[in-house]
Amino acid sequence: MPYSVYLDKEKCKRCGTCSKLVNCPSIEESACIGCGACILACPFDARILEEKPREREITIRIDDNSYKVPERISIKEALTMTGHKNAILPGTQELSTACGIGACMSCAIEINDKVMPGCVTSVKEGMNIKTELPKDYVPRRRIMFLSGPAGIPQVEAVCFTVGCNFICSQCINSFITYNGKAEIFTPQEAAHRLTMTKRMIGVNRTLITGGECTLNRPWLIQYLSELTRLDPDPSSRILVDTNGSLLTNSYVDEIVETGATDISIDLKGLQLDTFIKITGLKDSHMAERYKRTAWEAVKYISHNYKDKISLSVSIPYNNELISLSEFNDIGLRLLESDPSIQVGIISYYGAFKSKNMQPPSSKEMKKAHRILRDVGLKNVFAKTMEGFIKPSGEFMPTKGPY
């Protein structure tokens, strides 16, 4: 059944997010294709998806076969209706629709001789779709480059990838994560841009983060390889910051082969209900698979690439999301992989769709820090709203912007 989005006018704050950020054929309800991109981006949950029949059918061609499909639906929906598989997980043989906003371009598909994202592109009468990309196609995705706050020295050149497979209600990067109108780059273009930035600001570290940077695997591998080619200096550092949900063993192997030096994995909990609460995922089977993949990636990197990759993990803390008892279990699990692994405790606070969430106090953060130290982890840091807690437990207040 086709879907459309309607506006809850009581919840709408007229912030303009749906028109400024969302890459949608039309934000008007009468022309909606039901892709759901505006629902992901709306910070007030003012847009709601509902089933809505279409008035007529149109004819499209998929791999030289003709099909009748309802008007005003996405290419993704049309493929599903005509028996063509699509998947949430990138790296499968099916079309992947991981981010749902047309940003990661994992669902890139050839439409009328032009490659476009299938998740937010509408069907049209007579449209010709090919499920295999041209052999000379270079992967693309939407990314952003942002400078640090004025007066704060940059320690690395940063590339932000747009689009994520999680829907974290407390996302502090939502402007980046859901910016479906950000500029599209090839891996080579992005690597050249970041290399120039690195040289300009005088640093030897680059970071790719997001959103979720591991969506669109071919793009990331080519990007990392090009960074290494442009700067073969062995002292340079290439950091990959990820939620780890897609880091299968083979994916990790590919990242290591590119010359990347650092991987940071943001672990969203150990218990499934905690993971779902933090990530906003509705499918418990998919959530379990994502969670398991991230934890297995930590173990795999620790055991196989300790001499090649500097591995760190981040753990979110807010007592509305995760208990101290679970923190203890997380510490014990990490201890099994590597007692010296660098662990960062991140203070989660109100942002995006959870604006009323209060940040944990420094006292709470110190307690969480102590729990991980007491289980035997040797390299635990914590970032609070007032400063940093070092592995020794010493608190260092910070000045200026957090």
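**Entry 1: surroundings of α11**

I looked up what covers the buried residues of helix α11 in this predicted model. The cover includes two elements that precede α11 in numbering, β16 (310–317) and α10 (324–337), together with β17 (342–347). It also includes β18 (379–383), β19 (387–389) and β20 (395–397).

I then listed the residues of α11 that are buried, and found Ser362, Met365, Ala368, His369, Ile371 and Leu372. The helix itself runs over residues 362–374, which makes 13 residues. From its first C-alpha to its last, I noted a reach of 18 Å, close to the 18 Å expected at 1.5 Å a residue. Just after α11, I recorded a positive phi of about 120° at glycine 376.

**Entry 2: α9 against α10**

Since α10 is part of the cover of α11, I also examined how α10 packs with helix α9 (residues 284–304). I recorded an angle of about 30° and a distance of 9 Å between the axes. Angles under 35 degrees count as roughly parallel, and α9 and α10 are therefore roughly parallel to each other.

On the α9 side of the contact I listed Trp295, Val298, Lys299, Ser302 and His303. These meet Ile330, Arg333, Leu334, Glu336 and Ser337 in α10. By class, I entered 4 nonpolar, 3 polar and 3 charged residues for the contact of α9 with α10.

**Entry 3: α5 against α6**

I next turned to helix α5 (residues 187–201) and helix α6 (residues 217–230). Their axes come within 8 Å and cross at roughly 40°. I therefore entered α5 and α6 as oblique to each other. I noted the crossing as right-handed.

For α5, the contact residues are Pro187, Gln188, Ala190, Ala191, His192, Leu194, Thr195 and Arg199. For α6, I listed Trp219, Gln222, Tyr223, Glu226, Leu227, Arg229 and Leu230. The contact of α5 with α6 divides by class into 8 nonpolar, 4 polar and 3 charged residues.

**Entry 4: threonine 206 and the end of β13**

Is threonine 206 buried or exposed? I found a relative accessible area of 2%; because buried means under 20%, threonine 206 is buried. I located threonine 206 in strand β13 (residues 205–210).

I listed its contacts, leaving aside neighbours within four places in sequence. Threonine 206 is in contact with Ala157, Leu194, Lys198, Leu227, Arg237, Ile238 and Leu239. Of these, Leu194 and Leu227 were already in my notes, Leu194 from α5 and Leu227 from α6 in the contact of the two helices.

I also checked the peptide bond from glycine 210 to glycine 211, and recorded it as cis, with omega near 20°. Glycine 211 is found in the loop between β13 and α6.

**Entry 5: positive phi at two residues that are not glycine**

I looked up aspartate 63, which is not a glycine and yet has a positive phi of about 50°. Aspartate 63 is found in the loop between β3 (57–62) and β4 (65–70). With 32% relative accessibility, I entered aspartate 63 as partly exposed.

I then looked up asparagine 112, also not a glycine, and recorded a positive phi of about 50°. Where does asparagine 112 lie? I placed asparagine 112 in the loop between β7 (108–111) and β8 (114–117). Its relative accessible area is 45%, and I entered asparagine 112 as partly exposed.

Technical notes:
Residues numbered from 1 in each chain as written. Predicted model: local features only at pLDDT ≥ 70, side-chain atom pairs only at ≥ 80, totals over all residues. Heavy atoms only, no water. Helix = DSSP H or I, 4+ residues; strand = E, 2+ residues; numbered from the N terminus. Expected span 1.5 Å × (residues − 1). Buried < 20%, exposed > 50% of the residue type's maximum accessible area, 1.4 Å probe, protein only. Contact = heavy atoms within 4.5 Å. Axes fitted to C-alpha atoms, helices over the stretch in contact; angles between N-to-C directions. Parallel < 35°, antiparallel > 145°, perpendicular 65-115°, else oblique. Left-handed = near helix turned anticlockwise from the far one by under 90°. Nonpolar A, V, L, I, M, F, W, Y, C, P; charged D, E, K, R; others polar.
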